[in-house]
Number of protein chains: 2
Amino acid sequence: MLHKRIRLPSLHSRITSAAEAAALVKDGMTLGLSGCGCSGDAKAVPYALIERARHSPLTVSLVTGASIGNGIDGKLAEVGLVSRRKPFQADPALRRAINSGKVMFVDQHLSETAEQMRHGQIDPPDIMVVEAVAITEQGHIVPTSSVGNSGLLVQMAKQVIVEININTSLDWEGLHDIYLPEVRPNRSPMAITRSEDRIGTSAIPLDPDKIVAIVISEYSDAPATILPPDEDTRRIADHLIGFLKDEVDAGRLSNNLAPLQVGVGSIANAVMSGLADSPFEDLIMWSEILQDSTFELMDAGKLKFASATSVILTEALGQRVFSNIGEYSDKIVLRPQDVSNHPEVIRRLGPISINTALEFDLYGNVNSTLIGGTDIMNGIGGSGDFARNTFMSIFVTKSTAKNGAISRVVPMVSHVDHIQQDIDILVTEQGLADLRDLAPRERAKLIIEHCAHPDYREALWAYFDKACAKGGYTPHDLSEALSWHVNLENHGRMLVS
Amino acid sequence: MLHKRIRLPSLHSRITSAAEAAALVKDGMTLGLSGCGCSGDAKAVPYALIERARHSPLTVSLVTGASIGNGIDGKLAEVGLVSRRKPFQADPALRRAINSGKVMFVDQHLSETAEQMRHGQIDPPDIMVVEAVAITEQGHIVPTSSVGNSGLLVQMAKQVIVEININTSLDWEGLHDIYLPEVRPNRSPMAITRSEDRIGTSAIPLDPDKIVAIVISEYSDAPATILPPDEDTRRIADHLIGFLKDEVDAGRLSNNLAPLQVGVGSIANAVMSGLADSPFEDLIMWSEILQDSTFELMDAGKLKFASATSVILTEALGQRVFSNIGEYSDKIVLRPQDVSNHPEVIRRLGPISINTALEFDLYGNVNSTLIGGTDIMNGIGGSGDFARNTFMSIFVTKSTAKNGAISRVVPMVSHVDHIQQDIDILVTEQGLADLRDLAPRERAKLIIEHCAHPDYREALWAYFDKACAKGGYTPHDLSEALSWHVNLENHGRMLVS
């Protein structure tokens, strides 16, 4: 069957074992791996590298699209294989290594890595390992369930290792649209004016001589683990859908809304699922990562088309969708992440962006990455590409955490990922604050009344009133601004009586 | 001579006094004024409004391009005329009114106001007052020294008042390129691939019936006041130019660099002036506001072309340039600020952006708006449009202020306008930190050693070491993170022994 998977016959001689391919990776190299949203990851070669590093030390600088699954990021860190990592991760063990200072992590906007690399501002990979459905007659690479940064990484790498995953459907071919923005200053406009527009090729072009090894792989992506909607996430969805209905009624949105960008995670997925019962029709997505809700809405006839860079599904849905991916070939396109997240296209198409906050403050500044201002969870991902440039920027979170010990609405966030200018709408299970065209002091009142948990409102009012007595555009008392976080660190809860 | 200034004869009957025009403004209205970078401001009608408000109370919500000069913003605030203001200001009296909570100021990215207005997310003006060189045969409006938001504000206003400024050169006509992005989702790519590309019209199109009054004005824009380069700003320029030379030598930039965006102010202007003695040739600008240095570099043959939304010059240079503006007609174009600052074009052209920081922290987060986290100076302006989307984002500042009582490099900024992901290069008179591709702990070391003043390095190292002992991706001790600002508030200096 390999003649369908490796259609350039001269490449058959490069088939080798994962261990032999892994042996090409030398100490000190920059290693590229396919993978974005824990999807389309190179797996066989990384596993072999981890095995090798258990016996002989090896250190690389690792660059991917975004997060990679199956605990590979963590295992690479645990055996000391990764000294540097960019631009995103979502692995508990790697997170520990980053927060302890063992791994130098460069948290980047998902649109930026490729831009900086093509301009020589960051190093290209010495070796790129890319998972593929097939290699074409021209020696070009057909990716699997994500594109991420694979297009540029393959083109800029000195050597390429291809993992042909024989458990992926050949029907993936044709779903991708590989377009790599030109080097500036000679760049032309991207001719995308609708989510479904195609401007590239169905495979990643490269000189096939760069392919130094081909590994046959049967490993699966780790399935997504998404918590089912609960009472709180349902309320968040209800508040948001109610707001969008009002926008339609006011004539500011049509009944198919605007292209939707929805971040990864249980809350955002619940919001999307809530659209199934909404009056909106013919929805489209311009997003990064497609989750279960995308396919549920498509199957329900609510969603017409989705553009993204990656698909990550739960086990049950994945079994059905991935084996029948051809059925979605006219409804989905996967693009490089510096196209899905490109400021040019985002501003032109004008999506409604829904992302998750770790915490936000009285004036609408959002922290989406760092716990207590210090410890990273995952990374900023594409939220900044969208929040700054989108039509409507919405952040969602539950109002409290840890059984109420933590308020997600705080006097001052311990770290800022998204500045107040980039936030239009904030939603918790308590309600929704429409911050458009409001000054900070006006924002604070809405945020306390509509978003904060009742148990924290009095304390927020007290802080705000005291700060206003001191004055300022965004009134603060800097000696107390971070006291809730200090309380949490010292006493396990934000409010101490 | 008015037949050259008002070329649609039917409009001559609408000439009236400033006081009569001002009487059209009613209490509670949204008022639009031309003006951006204290340039091209409506002046006669605002003066008349201020006079009127001294006798009979009147309150409006005011929207402009950006800052307006001649103290008009402050006088409007002092007579209680302005209850709401957006998207930018730079007036001491208005600043006091904002910081005391009397005026609700909405600090917006300069590219955002027009986007939100055309989509109904913020209210259009009831009346728009626009300064003009002339009204064309079609009744269209030729702006003066700025475009700002005047294009969209004129188009969306219910009524338009034109101030024909007879002291402006008729040769301004032809320097503007009025292009208003379409309403989404049906927006086409902007066909700008070089700074000099023109895609619009030379005047603001509108139905001339909307012009309800024409006022003849002789008021001048307030000239820019720019401090001459001093020893520190010269050093900042030297560090930056040395870095750019290295980038050229490394092959990452060509000898004409990339289009330059340079923020307003003395430091940025000094950096630009420093380019006169650099080896770089055939420079171009893609910027917001053109200052003296633009024309000095043009006259010196260093700068080929400059695109912006506004020109603001010192008195001496202004007298020469503005009376001979026709000589620059093939070297300058002025565009709407949602074109000059449009994410699409910024990402495509890839400028080198040089903006001024109020302070920055160990990890490279930049505060450019709020003193002590609370009191606004001017506003974020266009710095966020550029810093997020540009090719290379550079921020400059002197390392100390107030005779050394204030360090501009602090453990944690008291407010974040630009997140660490958006900062490539930081420069003070002490040196330059190239932060590209570095993790936060690596950034901190460079920032302390290269940018902080020697008097503060030991204290910064002490904070950083203590924070690292606690751990984290961006190590902080939240109980001390803002203590330097608290010291400043309580003791008048950041370090207290």
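This report walks through a predicted model, from its paired chains to a few local features.

## Two chains, one rotation

How does chain B relate to chain A? A rotation of 180 degrees superposes chain B on chain A. The shift along the rotation axis is 0.0 Å, and the RMSD is 0.0 Å. That is the relation of a two-fold axis. The same surface serves both copies. In figures, 100% of the contact residues of chain B recur in chain A.

Which residue of chain B comes closest to the rotation axis? It is E344(B), with its C-alpha at 1.8 Å.

## Strand β2 and its neighbours

Strand β2 of chain A covers residues 30–33. Its side chains split two ways. T30(A) and G32(A) point one way, while L31(A) and L33(A) point the other way. Buried or exposed? All four of these residues are buried.

β2(A) pairs with two strands named here, β3(A) and β6(A). Strand β3 of chain A spans residues 60–63 and runs parallel to β2(A), joined by 3 bridges. In this pairing, G32(A) stands opposite V63(A). Strand β6 of chain A spans residues 127–135 and also pairs with β2(A) in the parallel sense, again over 3 bridges. Here L33(A) stands opposite V129(A).

A helix belongs to this picture too. Helix α3 of chain A, residues 44–55, joins β2(A) and β3(A) in a β-α-β unit. The unit is right-handed.

## Helix α17

Helix α17 of chain A runs over residues 483–491. Which of its residues are buried? They are W484(A), H485(A) and V486(A).

Several elements of chain A cover these buried residues. Among them are the strands β17 (359–361), β23 (406–407) and β24 (409–410). Helix α16 (454–470) is also included. Just after α17(A) comes G492(A), which takes a positive phi of about 80 degrees.

## Cysteines without disulfides

How many disulfides does the structure hold? A search of the whole structure finds 0 over all chains. A disulfide is a covalent bond between the sulfur atoms of two cysteines. The search accepts a pair of cysteine sulfur atoms only within 2.5 Å.

Two cysteines of chain B show why a bond is missing. For C38(B), the closest cysteine sulfur is in C36(B), 9.1 Å away, so the two are too far apart for a bond. For C451(B), the closest cysteine sulfur is in C468(B), at 18 Å, which is also too far for a bond. C451(B) counts as buried, because its relative accessibility is 0%.

Key:
Residues numbered from 1 in each chain as written. Chains lettered and ligands numbered in written order. Predicted model: local features only at pLDDT ≥ 70, side-chain atom pairs only at ≥ 80, totals over all residues. Heavy atoms only, no water. Buried < 20%, exposed > 50% of the residue type's maximum accessible area, 1.4 Å probe, protein only. Helix = DSSP H or I, 4+ residues; strand = E, 2+ residues; numbered from the N terminus. Contact = heavy atoms within 4.5 Å. Least-squares fit on C-alpha atoms with pLDDT ≥ 70 in both. Pairing = 2+ DSSP bridges. Right-handed = clockwise from strand over helix to strand, strands pointing away.
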